[in-house]
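Hi,

Here is the structure I said I would pass on to you. Have a look at it first, and then read my notes below.

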Amino acid sequence: MTVKQLWLALLLCGTARLAAQQPDSGMQDDSARLETLRQEVQQRYSARAHEALGLTPAQAAKFDSTQARAWAQRRDLMLQRRRINVALQGQMRPGVAARADSVSRLLDARQRVNESLRGVDDQEDREMAGYLTPVQRAQYQTFRTKVREQMGEAMRHQQGGGGGRMRDGARPRPRAQGRPSRRRP
């Protein structure tokens, strides 16, 4: 499983978990299967990190313990952020006046969740400083960043947006409307 596939599976687990929390979603029966899938994704992520960082068995055990705590915290915070974003979308519907006080509270709540997510990363990095070498820590931060970028890309594609980027990172140039393109023979 590639890192991109890994994060797509993670995304699907998170989306399914959010839907499963809604009583009428019909997905509550699948919660055990979703938990198994989530655990499998987490194990594969850890295995890829172990390999990428060249962890010793002692480092791997500590890494897995740190990851288990961090993943649980992140998962809860990401669900909170998703709920906040859904509520914001509800407030910002076209043609419906948004309630400024509600929007302000939602924006503040989202900011607090984002700060908490950064705090989880900081705590994870502090813990890892106790058992990883500086080179391994830098390698892990690069690994984590790359996986998150791929996760963001997968989320954009799942939502149908595609991210607006071409494969090599260049952005497609918008064509002027109403003007025919010039083609040379």
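Let me start with one pair of helices. α2 and α3 pack at an angle of about 135°, and their axes are 11 Å apart. That angle makes α2 oblique to α3. As for handedness, α2 passes α3 in a right-handed crossing. On the α2 side, the residues that meet α3 are R38, Q42, Y45, S46, A49, H50 and L53, and their partners in α3 are A60, F63, D64, Q67, A68, W71 and R75. Sorted by class, this contact has 7 nonpolar, 4 polar and 3 charged residues.

Before I go on, please keep in mind that this is a predicted model. For the overall picture, the chain has 5 helices and 0 strands, so to speak a plain α-α-α-α-α pattern when you read along the sequence. There are 185 residues in the chain, and 29% of them count as buried. If you take the contacts between residues at least 6 apart in sequence, 65% of those join residues at least 24 apart.

Now back to α2, which has a second partner. Helix α2 covers residues 31–53 and helix α5 covers residues 134–158; their axes come within 10 Å and cross at roughly 140°. The two are therefore oblique to each other, and the crossing of α2 and α5 is right-handed. Here Y45, R48, A49, A52 and L53 in α2 meet Q136, Q139, Y140, F143, R144 and V147 in α5. By class, you will find 7 nonpolar, 2 polar and 2 charged residues in that contact.

What about α3 and α4? Helix α4 takes up residues 100–128, and it packs with α3 at an angle of about 170°, with the axes 9 Å apart. An angle over 145 degrees counts as roughly antiparallel, and α3 and α4 are therefore roughly antiparallel to each other. In this pair the crossing is left-handed. The class count for the contact of α3 with α4 is 15 nonpolar, 9 polar and 7 charged residues.

Next, the cores. Which residues have the most contacts inside the largest nonpolar core? They are Y45, L55, F63, M128, Y140 and F143, in a core of 13 residues. The elements giving two or more residues to this core are α2, α3 (57–91) and α5. F63 is a good one to click on: leaving aside residues up to four places away in sequence, F63 touches S46, A49, H50, L53, L55, M128, Y131 and Y140. Apart from the largest core lies another one, of 10 residues, and L88, L106, A109 and V113 are among them.

One last residue to look at is Q141, which is found in helix α5. Is Q141 buried, exposed or partly exposed? Its relative accessibility is 29%, so Q141 counts as partly exposed. The C-alpha atoms of Q141 and D121 are separated by 9.6 Å, and these two residues are 20 residues apart along the chain.

If you want a place to begin on screen, try Y45: this α2 residue is on the list of those that meet α3, on the list of those that meet α5, and among the residues with the most contacts inside the largest nonpolar core.

Cheers

Methods. Residues are numbered from 1 along each chain as its sequence is written. This is a predicted model: local features need pLDDT of at least 70, side-chain atom pairs count only at pLDDT 80 or more; totals for chains, interfaces and linings use all residues. Side-chain values use heavy atoms; hydrogens and water are left out. Axes are lines fitted to C-alpha atoms, for helices over the stretch in contact, and angles run from 0 to 180 degrees between N-to-C directions. Helices (H or I, at least four residues) and strands (E, at least two) are DSSP runs, numbered from the N terminus. Angles under 35 degrees count as roughly parallel, over 145 as roughly antiparallel, 65 to 115 as roughly perpendicular and the rest as oblique. A crossing is left-handed if the near helix is turned anticlockwise from the far one by less than a right angle, and right-handed if clockwise. Contact means heavy atoms within 4.5 Å. Ala, Val, Leu, Ile, Met, Phe, Trp, Tyr, Cys and Pro count as nonpolar, Asp, Glu, Lys and Arg as charged, and the others, Gly among them, as polar. A nonpolar core is a set of buried Ala, Val, Leu, Ile, Met, Phe, Trp, Tyr and Cys residues joined through side-chain atoms within 4.5 Å. Buried means under 20% relative accessible area, exposed over 50%, partly exposed in between (1.4 Å probe, protein chains only).
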